[in-house]
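This report looks at the charged residues of one protein and at where they sit. Please view the structure below before reading on.

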Amino acid sequence: YKTIRENFSMLYEEHVRDPLEFLYDSLLTNKQRKDINDEIARIKAIESLKNMMKSWLDESFPDIPSAERARMAEEMDMSLLEERKEYNIRNTLYNAPEIMRLTFMESQFMKKEMMNAMHAIDELIESNEFTMKMTTMTPAIVIFFAGQHMIRYVQYVLLKLGKSRRDTYKSLRKVLLDIERLLVMRDCPPDAPPPLLWGIQTNSDHLSSTTRPNIVSNRENNFTQLLLREPKIASTPPYPYSSQRNVLKPDDLGMLMMLIHECRLIVTRFRKRFSMQDIRNMTEDLAELAGERGAVSIKQQLKIVNRIQRWMQSSL
């Protein structure tokens, strides 16, 4: 148990606390990361090397133009120094003082190069530190979201302790789809086609029960009249709700009220999944949809359903 606790503590410090402290210091405060290199010491080392080279060039090469000597000292050109040292090394005992002077200048040059390299490392770290810290936080972010999905799965799927916000909105959208389907099918439907009556008349008085040719002749005449006669349209009453197609029939209105009640149950049972503004909007829209705020037509009810679907989409 102690080992597990230490491992989790180390994981938290390396992948959560330190990156968050860096982000806080970088974005919200003026606190900066401590550099590896001392910038003031680097500048002083460079100035010291320039002064050493300038004095040496003035003493050893007076015949070189002063502008050229100043340029070589400013650029810290070591070519003449190396040539002079190579020449003096042939007689070490006689030229020992100058060799020591050249050696000190070379060591100062190496010190300057080392401090420049450390300055470059500081700049590289500073330019990539944000990316490195974000990369360091990646395992912690993955573990956090994986744990969150695992807890939701155990809570909502295995233990059946409720519904998530997404599942709640999914159930609500399903009921709204049924409402929209009902309203679309009842929005100004066409009249049902009336039945056609083909009046077949038989005159049994003209039939003779004794002669077969008369029966056949009458049947042929009736069939001919049936083919040549124009159809008569039955005088059926018009569509019973043709004057009220913009409102629902009583049975459809009852179905609509059942679906609205189901929406209200979802909102009431899972109030924590909605904000106060969403609950207020849903309550007002369902009241308008049910006609509690005044009579509404089917077209108005369809617009109300579309409005509910829009703010539900924006809430997710």
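Is Arg 42 buried or exposed? The model is a predicted one, and in it Arg 42 has a relative accessibility of 13%. Buried means under 20%, so Arg 42 counts as buried.

**Overall layout**

The protein is built from ten helices and two strands. Along the sequence these follow the order α-α-α-α-α-α-β-α-β-α-α-α. Of the 316 residues, 24% are buried. Contacts between residues at least 6 apart in sequence are joined at least 24 apart in 72% of cases. The accessible surface is about 22900 Å², and carbon and sulfur atoms account for 59% of that area.

**Salt bridges**

The count of salt bridges comes to 18. Three of them are listed here with their N to O distances.

| Residue pair | N to O distance |
|---|---|
| Arg 42 and Glu 39 | 2.6 Å |
| Asp 58 and Lys 54 | 3.4 Å |
| Arg 293 and Glu 284 | 3.5 Å |

Arg 42 and Glu 39 both belong to helix α2, which covers residues 39–60. The two are three residues apart, about one turn of the helix. While Arg 42 is buried, Glu 39 is partly exposed at 30% relative accessibility.

Helix α2 also holds Asp 58 and Lys 54. Because these two are four residues apart in the helix, about one helical turn separates them. Asp 58 is partly exposed, with a relative accessible area of 29%, and Lys 54 is partly exposed at 41%. Both residues are linked with Arg 69 in a network of salt bridges.

In the pair of Arg 293 and Glu 284, Arg 293 is partly exposed at 49% relative accessibility. Its partner Glu 284 is partly exposed at 35%.

**A positive patch and a buried lysine**

Where on the protein does positive charge gather in a patch? The patch is on the surface and consists of Arg 152, Lys 163, Arg 166, Lys 170, Arg 173, Lys 174 and Arg 269. Helix α6, residues 165–185, gives the most to this patch, with four residues. Arg 166 lies in helix α6. Its relative accessibility is 61%, so Arg 166 counts as exposed.

Lys 112 lies in helix α5, residues 96–158. With a relative accessibility of 6%, Lys 112 counts as buried. Leaving out residues up to four places away in sequence, Lys 112 touches Ile 46, Leu 49 and Met 76.

How values were computed:
Residues numbered from 1 in each chain as written. Predicted model: local features only at pLDDT ≥ 70, side-chain atom pairs only at ≥ 80, totals over all residues. Heavy atoms only, no water. Buried < 20%, exposed > 50% of the residue type's maximum accessible area, 1.4 Å probe, protein only. Contact = heavy atoms within 4.5 Å. Areas by Shrake-Rupley, 256 points an atom, 1.4 Å probe, with all protein chains shown as cover. Patch = residues over 30% accessible without salt bridge, like charges linked within 9 Å, V, L, I, M, F, W, Y side chains within 5 Å. Salt bridge = Lys/Arg side-chain N within 4 Å of Asp/Glu carboxyl O. Lys, Arg positive; Asp, Glu negative; His and termini not counted. Charge placed at Lys NZ, Arg CZ, Asp CG, Glu CD.
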